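Student: I have a structure open and want to learn to read its packing. Where do we begin?

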Amino acid sequence: MGTNLFAEGDLGGSLQAAARKVAERLQARDADALLKAPEADVIDELIEEGKALCPRLLRDKMWMPPPSEATQRFSQFGEFGERRVTQFVLVVPFDGEKVAFKLQAGTSSPNPPHVMSVGDRELRLAVDGPAGDATSVRALFDEQLAKIEMFLEWSRRQIEEHNARLRADVPGMVSRRRAQLLADRDLQAEIGFPVRRQPDADTFTVPLKRRNLRPVRPGGAPGAAPFKPEPAMADSDYQAALAVLGNSRNALERTPSLAAKLDEEQIRDLLLVNLNAHFEGDAAGEVFNGEGKTDILIRVEDRSIFIGECKIWGGPGTMDEALGQIFRYLVWRDTKAAILLFIRNKDVTAVIKKATAKIEAHPSYKRRGPSHTDERPDFVMHAQGDAEREIRLALLPFALRASSHTVSA
């Protein structure tokens, strides 16, 4: 009785089928939903759907039920008989996908492991006697476990290769599919026949330029409404703005006597001057505007494509306040943001760690950003109640000389 492991199907064929299914799901995905979804979310979702999880024996959680007795038939010198034997059972929990225990890897052996049973989350191994010889029973169990681990290792190598290919291939697949859909819509517009459009489907240009830079229009997450391009701050402009802010920070840190005299609003005004010296809007107008005491904004209609919040660190609650102010704004699907954190404490590293932890604990946190350093941690958030609208958030710490604002970290 019992069952052989790794002997009922082909692991390679199963993994190939999983990869094909990922491609088919991408092609079958609703065009509006695909164009609206954050590209990173689509990639993560498809990789999650297509990857395989090789089982892992949880040997630290193994346990044994009480032994049982059974009657065993035997043949000796042409005579048949029965004898009572003691059966010991070892329960071995595992995680990962149960189906992998059935499939044969590319590397294998004609003598696969044999177990008593395979459950959803556990294997049961059995050894018949000899009673009273614990060393022999333990050795028989160890032999079975070693054999299962060897076959699992062969499967694991093949599964890890499959998962690595998915991580390498899916981003390009998604990018090409989105580009194809956008090209088809551009071609449709060029043909010249009228296209029935939603009344609110018109688009416009963001009044932001840096020399001759142009804005981009990203998409958002799946939903019932048709895809509608929205204005956004180009990534190159965002990085350039953060570079200006970073240079301003460096200048303030090099002139501590000046920085010690400035409050939040005064530092914000200085940053606004530097930003608008590098960027200009239509008709040479200002791009970055101040709102309230600490806000630095670029707004299009009633929504923001860039939000900056200036805050003096006064403990972890400072981050709650800054994030609350950012999320109070209506945002486009790819709004850029920055928290400019003025740290008038000696232990700047400790403050950055606490601020980072606060951001990652926020309910709107999605993942780390593409570039993440101690000098500028980056994050991807989403608007409250709307995962389609992403907010790319940079935390820019300013290490300033202590003043009357000084508080403990």
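Tutor: With a helix pair, and a reminder that this model is predicted. Helix 1 (residues 11-28) packs with helix 3 (residues 39-50). Their axes are 9 Å apart, at an angle of about 145 degrees.

Student: Is the crossing of helix 1 and helix 3 left-handed or right-handed?

Tutor: The crossing is right-handed.

Student: Which residues of helix 1 and helix 3 meet?

Tutor: Helix 1 brings Ala18, Val22, Arg25 and Leu26. Helix 3 answers with Leu46, Glu49 and Gly50. By class, that contact holds 4 nonpolar, 1 polar and 2 charged residues.

Student: Now the strands. How do I read a sheet?

Tutor: Strands of a sheet pair through backbone hydrogen bonds, either parallel or antiparallel. Here, an open sheet has 7 strands with mixed pairing. Read their order as 10-11-12-13-16-15-14.

Student: Which are the edge strands?

Tutor: Strand 10 (289-291) and strand 14 (365-368), each of which pairs on one side only. Neighbouring strands in this sheet are turned by 25 degrees against each other on average, ignoring direction.

Student: How many bridges join strand 15 to strand 16?

Tutor: There are 6. Strand 15 covers residues 378-383, strand 16 covers residues 386-399, and the two run antiparallel. For one partner pair, take methionine 381: its bridge partner in strand 16 is isoleucine 391.

Student: Which strands does helix 8 lie across?

Tutor: Helix 8 (residues 317-327) lies across strand 12 (303-312), strand 13 (331-343), strand 15 and strand 16. Against strand 12, helix 8 runs at about 160 degrees.

Methods. Residues numbered from 1 in each chain as written. Predicted model: local features only at pLDDT ≥ 70, side-chain atom pairs only at ≥ 80, totals over all residues. Heavy atoms only, no water. Pairing = 2+ DSSP bridges. Helix = DSSP H or I, 4+ residues; strand = E, 2+ residues; numbered from the N terminus. Axes fitted to C-alpha atoms, helices over the stretch in contact; angles between N-to-C directions. Contact = heavy atoms within 4.5 Å. Left-handed = near helix turned anticlockwise from the far one by under 90°. Nonpolar A, V, L, I, M, F, W, Y, C, P; charged D, E, K, R; others polar.
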